[in-house]
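Here is my note on the model, point by point. Please keep the structure open while reading.

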Amino acid sequence: MPRWGMAADLDRCTGCGGCVVACHAENNISTVGDDQASRGRAKHWIRVERYYEGEFPDVRVKFRPVMCQQCDNAPCEPVCPTYASHHTDDGLNAQVYNRCIGTRYCANACPYNVRFFDFFNPSWEKPLHLQLNPDVSLREVGVMEKCTFCVQRIKSAQIGAKAGQREVRDGEIQPACVQGCPSKALVFGDLEDPESEVSRLSRSPRGTKLLEDLGTKPKVAYLARVSQT
Amino acid sequence: MDRRSFIKLTAITGSTAALTACGNPEHQLIRFVPDEDIVPGQAVWKPGVCPLCSAGCGLTVRVMDADADVVVDGQAGVKRIAAAKKLEGLPDHPVNRGALCPRGQAAIQVTYHPDRITQPLKRTGNRGTGQYEAISWDDAVVELVGRLDMLAGAGNQRMLAMLTRRTSGHRGALLEQFAARFGAPAPVVYELFGDEVLRRANAMSYGRAQLPTFDLANSRYVLNFGSDLLGTWNSPVAHSRAYGEMRQGRPGVRGTFVQVETRMSQTGANADEWVAIRPGTEGALALGIAQVIGGKHPDYTPDAVQKLTGVDARRVERLARGFEATRPAVAIVGGAPLAHTNGLFTALAVNTLNSLVGSVGQPGGVFFTPQLNRAAASNAGGGFTLQDIGNAHVLLVDGANPVFTAPAAWRVRESLEKVPYIVSVGSFLDETSALADLILPDHSFLETWSESLPESGSLAAVAGVAPAVMRPLHRTRATGDVLLDVGRRLATPVNLPWQTFDEMLAATFTGLPSAAPDVDTWSDAQTKGMWTGTLPAGLASGASPQTPAAAGAAAFAAPQFDGDPGQYPFHFLPYPSSKFLDGSLAHLPWLQEMPDPLTSGMWSSWVEINPATMQKLGIAEGDVVEVASAHGTVRSAAVVNPGIAPDTVAMPVGQGHTSFTRFASGRGENPVTLLAPVTEATTGALAWAATRVRVSRAGPADGRLVMFAGGLREHVEHER
Amino acid sequence: MAVCLATYGTVAGCRLYQPAERPAPQLLPGQTADVFTTARPSLAAAVNDFLGRLPEGEQPIEFPHNTHVKMNIACSTCHEGVETGPVAGLPSVRTCMICHEAIATDRPRIQQITAMRDKGLDLNWVRVYGYVREAHVKFNHAPHIRAKVECATCHGNIGEQTIAQRNVDLNMGFCVNCHRENDAPVDCLTCHF
């Protein structure tokens, strides 16, 4: 049984935001418009955080792409009264829209702020809807949504591998953010396989986990940016 | 009773009446026979070329079935079509190697935009009011042919003007050829953030009037003067890919990256060392570094450079030593440093650094992508410029939007209003197209041949081409084909050697060298989405790059700024937005809602100010501030930026459209309206970083600033 | 009863909640202001969807499955993509005409569809099996066929029917039972994503 994880090399990440739009395009994430966005209702399953350090002219910036960390000990899961948020055998933090009744407890519990609530039925001015990905559910009003590690791509690769009577190859599965990343800062793969690229990177001495001390056991490893001045 | 049956019961008791009338309206719709056989639910991948900037990245497009709303003979219904679903980078393309920037990811929304112009339109109301009536393609073409015949009949062929943006491919060449054969001058090419200064400098330094390509993946020291090479400049995806390799792609070697600029850009945010500098003095710093290394610029000692640039003398020395010692090293310049009156000097000064460390044409250094040699069109001389285009009798607008992107002082709008007849081939009613008398909407890039001849971003020559990915959604026509058709129908026909645009492409690609003897390059390129390889001498243009003379640069001339420093104490920096470039992408909702990399701003405009300056002026984040130059005034929200000089304020370009679809119109402010008509002294290119402004608080937050990172949200909510 | 109504209101009412309104754009000739939304067009549609009821509707022609199955025509000939992908495609009239341009052209129903095709009209099939959008089911036919699940397991005796009738209730229990019996995964994320 695989255990899916990701590594983000912050020494490669340029903060361009390509992952943000790639995610919108892949996962049928609707735009909410200026008014709703100003109320904090914009949905970005992945975001690029930016931190300034120091004062002009000695300013430094750090970027950090943040998506659902797919915690092994996820705070969002035990608080869900309907088990909409639960853990799968391959380590994904599943969000089952059918079960979700919109209590938003999970969003409150999540220390990473990566869960988003559909305050409205999403809408697409036609013909923008022709772009919608048929492999991904359209969420309606009243449910939580979040990064799935592009589970539709995982399933598709697994089905393809099984049809070819082989194992899923390392690097074969690329979530949309990983595939589009211009500087190849994001790597996805099986953490159970010690030879996989993501395992190799996760063992890096530069590797850290986000808010690891909370005990959430996140599966996204961040490789710190090298400081050389 | 379990939950399910409980709810079922309530539903039944509550709504028996309603249920009888139920019916899904989808099933009453008329369905039309699809135009092609499409296997439902199965994705096929087709190549494409990204049209959004001149980098020319290759695409692979996921295509699946979808039910489109269509109207056939006045009857509304649905039709199963093969629809593009997702754009990915073309894996083997030498420019982008499978990756895409955020804008490229959003390009698909161009095709599906709800405000796309769906058919030919003829103006009915006053110019700029957006009043148009539908017109058939036949009538539209006849009308254009009539106008051109009138010109030719009166011997006024020279009065046909064309206005385009810079594209890297055959489209521009076709316009040029058409104009030449008609007897008209060459098209006017206008880009707000054009790179004409750098091309001129490279022609002087290297003998190549071309944007450079950098082998960053093999560099160990990158010294970048102001260019946003990882965000918006030149070939950002190619740079980003190589940047990742420079940092972590070589075991045990990590390249150093130094950025010199006035406002920390997204690129600067990634630098190991960020060097703040006075605007317009980057060339002096470059020569200072050259002096430390080579000693041939005695006027630019570190102390002298410190006085000019504000960069500490010891730092100048240290940067020079690092640049000299850490080979391969490369110096890069682009963007704001060249948008000053002394831009050409700055570019030449930085070019000398590359010769000093021998990085021209060497691994880890500067290259020039081999360019395909094309027969130059012999256009009538004395062409138009943007300033006198109002004298034209007929104007054809292809993609350029100078009404939005040219400084108000150039009075482009007033000038265009004088032109008796304007034709636009645009897909959207932007500020310039809104002045058109006739609109002949082009297909989207996914609906017709897409192509590019990248000027940079690849060490090997590359040409991208792909046939249509999907059928046209609307009653649009490929502009290349329309132009060739119009040419044939003229009283004195303009006979170009091609019947259709793809014949023009075929002529180019068939002539390219084949990878294997039995491979037809034209069909092979269409399947792969590109051709790449070695250009034989006969096909390549330009000399091989020369190493610039180390002492070649002229003397530093202080940059001139518009506006009295007493009255206008701040430098004003309008910069290309990571989301919208020069504003031509503000109509895409994904990009509007994408948080800006540095401010996290969405759907809005803002003014970036140093925190110390804000404190001095009594401005809090979110407050409305007034920014005024001698040429205009805008009011927008203030945003704290610790990475901007205290005497500089910056605004991203892109918002402030008055007419550009429902997503961009009436949103935010256009900083270009503030710009002075100052030009670079030698090339005449707009010096867009040479305007001074004054800044004052105009009022409290008005709620128009939207940021993903929050902070402001509760405050505005409270005031509602 | 009050509880019932309250629950009903919450369930059906909130699913009907309309999208945020945006001001109507100025339209040019040929443009529409249509919006695609996950909101239900009516209360009844919301309830139907919630109960997993597919709308009743008349098929465009009385397609005799039995006749075709007797000719040993494989399901995948018309339901394209079923063996290789997620969807068992509903055939367009183009598919029908591959054979019926020449075969049985004297039959009234064939003449009927030929006439439709000539007018550019396609067959607007009413899906008999399938899931409402809100079920969030991402069923994939191909792996089931590769696992040697018979079409009849889920689609009943369709080979003996004329117009397809839904005579197997594809509720979640049906799927899960079969998955359990065959050691297939039963995690929610297997089908719902």
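1. Contact here means heavy atoms within 4.5 Å. On that basis, among contacts in chain C between residues at least 6 apart in sequence, 65% join residues at least 24 apart. The model is a predicted one.

2. The rest of chain C can be put briefly. Chain C has 10 helices and one strand. Along the sequence they run α-β-α-α-α-α-α-α-α-α-α. Of its 193 residues, 36% count as buried.

3. Next, chains A and B. The contact involves 75 residues of chain B and 63 residues of chain A. Between them the two chains bury about 5600 Å², with 57% of it on carbon and sulfur atoms. On the chain B side, B:W590, B:E593 and B:F708 lose the most area to chain A. Together these three give 12% of what that side buries.

4. The polar side of the A/B interface deserves its own entry. Six salt bridges are counted between chain B and chain A. One pair is B:E245 with A:R12, whose closest N and O atoms are 3.0 Å apart. There are also 28 residue pairs in polar contact, both residues at pLDDT 80 or more. Helix 7 (residues 236-248) of chain B supplies the largest share of the chain B side, eight residues. By class, that side has 39 nonpolar, 17 polar and 19 charged residues.

5. Chain B is assigned four stretches: domain 1 (1-106 + 444-476), domain 2 (115-186 + 377-442), domain 3 (196-367) and domain 4 (570-719). Between domain 1 and domain 2 of chain B, 14 residues of the former touch 16 of the latter. The area buried there is about 1200 Å², and carbon and sulfur atoms give 43% of it.

6. What holds polar partners across that domain boundary? Two salt bridges are found between domain 1 and domain 2 of chain B. B:E455 and B:R166 form a salt bridge, with closest N and O atoms 3.9 Å apart. Seven residue pairs are in polar contact, both at pLDDT 80 or more. The domain 1 side has five nonpolar, five polar and four charged residues.

7. Is A:E26 buried or exposed? A:E26 is buried, because its relative accessible area is 3% and the cut-off for buried is under 20%. A:E26 lies in helix 1 (residues 18-27) of chain A. Its side chain makes a polar contact of 2.9 Å with that of A:Q152. Beyond residues up to four places away in sequence, A:E26 touches several others, including A:N133, A:R153 and B:K86.

8. Over all chains, the whole structure has 57 salt bridges. In chain B, B:R171 pairs with B:D398 at 2.9 Å between the closest N and O atoms. The two are 227 residues apart, B:R171 in helix 5 and B:D398 in strand 16 (residues 394-398). B:R171 is partly exposed at 21% relative accessible area, whereas B:D398 is buried at 12%.

9. A local pair for contrast. B:D485 and B:R489 meet in a salt bridge of 3.3 Å, N to O. They are separated by about one helical turn, because they sit four residues apart in helix 14 (residues 479-489) of chain B. B:D485 counts as buried at 17% relative accessibility, and B:R489 is partly exposed at 38%. Elsewhere, salt bridges that share partners join A:R3, A:D72, A:E192 and A:K219 into one network.

Note on methods:
Residues are numbered from 1 along each chain as its sequence is written. Chains are lettered from A and ligands numbered from 1 in the order in which they are written. This is a predicted model: local features need pLDDT of at least 70, side-chain atom pairs count only at pLDDT 80 or more; totals for chains, interfaces and linings use all residues. Side-chain values use heavy atoms; hydrogens and water are left out. Buried area is the accessible area (1.4 Å probe) that two parts lose on being put together, summed over both. A salt bridge is a side-chain nitrogen of Lys or Arg within 4 Å of a carboxyl oxygen of Asp or Glu. A polar contact is a pair of N or O atoms within 3.5 Å; within protein, one must be able to donate a hydrogen and the other to accept it, and residues adjacent in sequence count only if both atoms are side-chain atoms. Ala, Val, Leu, Ile, Met, Phe, Trp, Tyr, Cys and Pro count as nonpolar, Asp, Glu, Lys and Arg as charged, and the others, Gly among them, as polar. Domain bounds come from an automatic or database domain assignment. Buried means under 20% relative accessible area, exposed over 50%, partly exposed in between (1.4 Å probe, protein chains only).
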